[in-house]
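User: I am new to this structure and would like the terms explained as we go. Please show it to me.

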Amino acid sequence: MSIEKVGVVGCGLMGSGIAQVAAQAGYPVVVREVSAQLVEKGLKSIEKNLARLVEKGNLSSADRDEIRGRLRGTTNVEDLKECDLIMEAIIEQLPAKRELWSSLDTICPKSAIFASNTSSLSITEMATFTQRPDRFVGLHFFNPVPVMKLVEVIRTIGTDPKVYDEVLTFAGKLGKTAVRTTDRTGFIVNRLLVPYILDAVRVLEEGVASIEDIDNSMKLGCGHPMGPLTLLDFVGLDTTYYIANIMFDEFKEKRFAPPPLLKRMVLAGWHGRKTGRGFYDYADPAKPRPMHLS
Ligand code: CAA
């Protein structure tokens, strides 16, 4: 059975991006959030992104209207029952995921495939919340989803190879480059990225260089689009701290341990761009100013 209609659970930053690329690829999409306000907020952000593409001449108004017409928002999980593939991008907390997957498992037909966008939780563990571990995979997208070309496709020891191939084909139809990986915390990208950005915080903590000089070094010396501390502010200090702790717990290796400065900043509520303060102050978002952290 091929994937014809998709469901997305969670319409925040990642979920709305995933819903957008699926609709742009021609799939009818049902997107579910917990409240009508959150459904509206998520759909508005997609409309804003599509409007930007029209303004730039990258999308016609007619195509925009068709894409928007393929998206249906709902607060009712029952509305996902006709979807062949359900992609979950809700809060990174296992109890919330457990509740969602076990209710979807009873609502959806046995043929439906389940995929989580988790960046750090175990896909194998999530699959045990259902009666379909053979039809359970990870589909890990990157922020901003409409721009980043990669998707990690994660199989567990229980994933049916035919289901895995079907999801790889689907990822390609979204216009993404799919990489194959297994269920190890952090998969490929975060396994490599998280120790790198944590090291950037250590370099700052040890007084080796300033915030701007650390960022400029990696931008101008290595051609990265963002320096590591700007990237940390972009991903969210709280999110990175959470992922690092899970990775440390899994591998017990020092390189995954969050540095004390990161922990203090998270405790202080300086979570990066979304809270207006992190390694930079975003009072003027167009001109972030490095913070004084000592
Ligand atoms: N949604 C849609 N499109 C967006 C966007 C968004 N949120 N942000 C930027 N864009 C588009 C812009 O419209 C622009 O499009 P055009 O080229 O058609 O004009 C293009 O992206 C470039 O944007 P800008 O010129 O405004 O800015 P930029 O050149 O600095 O690019 C960036 C912005 C794409 C975010 C770039 O800085 C970048 O690639 N940064 C690194 C991002 C990254 O590493 N993401 C992964 C984070 S890790 C993760 O997500 C996984 C995890 O588990 C933590």
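User: Which residue stands opposite V30 in strand 2?

Analyst: G7 stands opposite V30. This is a predicted model, where local features need pLDDT of at least 70, side-chain atom pairs count only at pLDDT 80 or more, and totals for chains, interfaces and linings use all residues. Residues are numbered from 1 along each chain as its sequence is written, and side-chain values use heavy atoms, with hydrogens and water left out.

User: Why are strand 1 and strand 2 called paired?

Analyst: Two strands pair if DSSP finds at least two bridges between them. Strand 1 (residues 6–9) and strand 2 run parallel and are joined by four bridges, so they pair.

User: What makes V29, V31, V30 and R32 in strand 2 count as buried?

Analyst: Buried means under 20% relative accessible area (1.4 Å probe, protein chains only). V29 and V31 on one side of strand 2 (residues 29–32), and V30 and R32 on the other, are all buried, so each is under that 20% limit.

User: How do you know that H140 makes a polar contact with the ligand?

Analyst: A polar contact is a pair of N or O atoms within 3.5 Å. An N or O atom in the side chain of H140 is 3.0 Å from an oxygen atom of the ligand, so the pair qualifies.

User: What makes the N143 pair a polar contact?

Analyst: A backbone N or O atom of N143 lies 2.8 Å from a nitrogen atom of the ligand, so this pair also meets the cut-off.

Definitions and conventions. A polar contact is a pair of N or O atoms within 3.5 Å; within protein, one must be able to donate a hydrogen and the other to accept it, and residues adjacent in sequence count only if both atoms are side-chain atoms. Buried means under 20% relative accessible area, exposed over 50%, partly exposed in between (1.4 Å probe, protein chains only). Helices (H or I, at least four residues) and strands (E, at least two) are DSSP runs, numbered from the N terminus.
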